[in-house]
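I opened my notebook to follow one residue outward to its surroundings. Here is the structure I looked at.

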Amino acid sequence: MTDPILHHYDASPFSQKAQKLLGIKQLAWHSVEMPMTAPKPDLEAITGGYRGTPVLQLGSDVFIDTVAIADALDHFFPHGTALTDETKLLSDAMGLWADSLFAPVLGSAVALYAADWDEHFYNDRAAVFPHLDFAALPAAQELMADRITQLARQLNAQLVDGRNYISGDACGLVDVHCWGVLWFVRNGLPHIANELLGLDALIDWADRMDNLGSGERLVSDYDAARAALLQPPADLAGFPGAKERSSGLEGWWDTPVQISAVGADRGGVAGILVGQGDRFTTLRVDGADLPMRHVHFPRQGYDIHRV
């Protein structure tokens, strides 16, 4: 198996989550940094149109979003700590909890910093998060800060019995989901981070997560990423949650579809539907003068439409 290639930029808490997953697995990986704002032509050519962060590439298999990345790392690199629980229920549920924490964190960041953004960055973020009323957020800062601290107290209560990680002695995706959002709070929202200092169990856990590192980072570029696409994609039948083709999707198989994120504009991917199991939806993507690749999305958080 080829070394992982991570397409990302460091300022994103979602990119930090992916790096932490690689660190837990103690993997060497190749860092390809994408621009923070659209357009992202090199990344979009590889993914078929998706421009969000992070994206994990293993040869010509391309994995979108943290959940799909964690499942892929457990599948292709099974040694060491397993990132997800056996049924995936706990890690998926904690992902939703972390999303509820991210919402006021994102709003607080926009309220604090948007006035200082240049026009291009402001317009890009407004397009990525169309559900946010940027002008109204400054007036809601106290409410958002209160929501963040309330959820932080809830997480602290889970950890106060002395356990090392959320589920017990082993860290995994459940921890990474929550840590990534709190990483952003601690690094980007100092006025809220100060309110968390009395939550000793939470702070100790976050420091413990920090100390796990992010594996061995090797600087790479899009030329190397494009060259890796020459490797054939992996057999879908061996993927986590793989299923026989459902008769309920009889009219969809091997036909053009488009997949896009729910609630955020990260670009849509047009391709041929070739697989859908319990964990992944997979499109075959051609074009852009690149070899054929398989682009894998998590089932949760993405919509699929006919083209």
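These entries start from a single leucine and end with the sheet and its helices.

**Entry 1: the residue.** I am working with a predicted model. I looked up Leu56 and found it in strand 3, which covers residues 55–58. Is Leu56 buried or exposed? Its relative accessible area is 0%, and buried means under 20%, so Leu56 is buried.

**Entry 2: its contacts.** I listed what Leu56 touches, leaving out residues up to four places away in sequence. Among them are Pro4, Ile5 and Leu6, and also Phe63, Ile69 and Leu73. I then checked His7, which is 49 residues from Leu56 along the chain. The C-alpha atoms of the two are separated by 6.3 Å.

**Entry 3: the neighbouring strand.** How many bridges join strand 3 to strand 4? I found four, and the two strands run antiparallel. Strand 4 spans residues 61–64. One bridge pairs Leu58 with Asp61 in strand 4.

**Entry 4: a helix on the sheet.** I looked at helix 3, residues 65–76, and saw that it packs on the sheet. Helix 3 touches strands 3, 4, 8, 9 and 10. Its direction makes about 135° with that of strand 4.

**Entry 5: the whole sheet.** I traced an open sheet of 10 strands with mixed pairing. The order reads 5-2-1-3-4-9-8-7-6-10. Which strands are at the edges? They are strand 5 (216–219) and strand 10 (302–306), each pairing on one side only. Neighbouring strands of this sheet are turned by 35° against each other on average, direction ignored.

Methods. Residues numbered from 1 in each chain as written. Predicted model: local features only at pLDDT ≥ 70, side-chain atom pairs only at ≥ 80, totals over all residues. Heavy atoms only, no water. Buried < 20%, exposed > 50% of the residue type's maximum accessible area, 1.4 Å probe, protein only. Contact = heavy atoms within 4.5 Å. Pairing = 2+ DSSP bridges. Axes fitted to C-alpha atoms, helices over the stretch in contact; angles between N-to-C directions.
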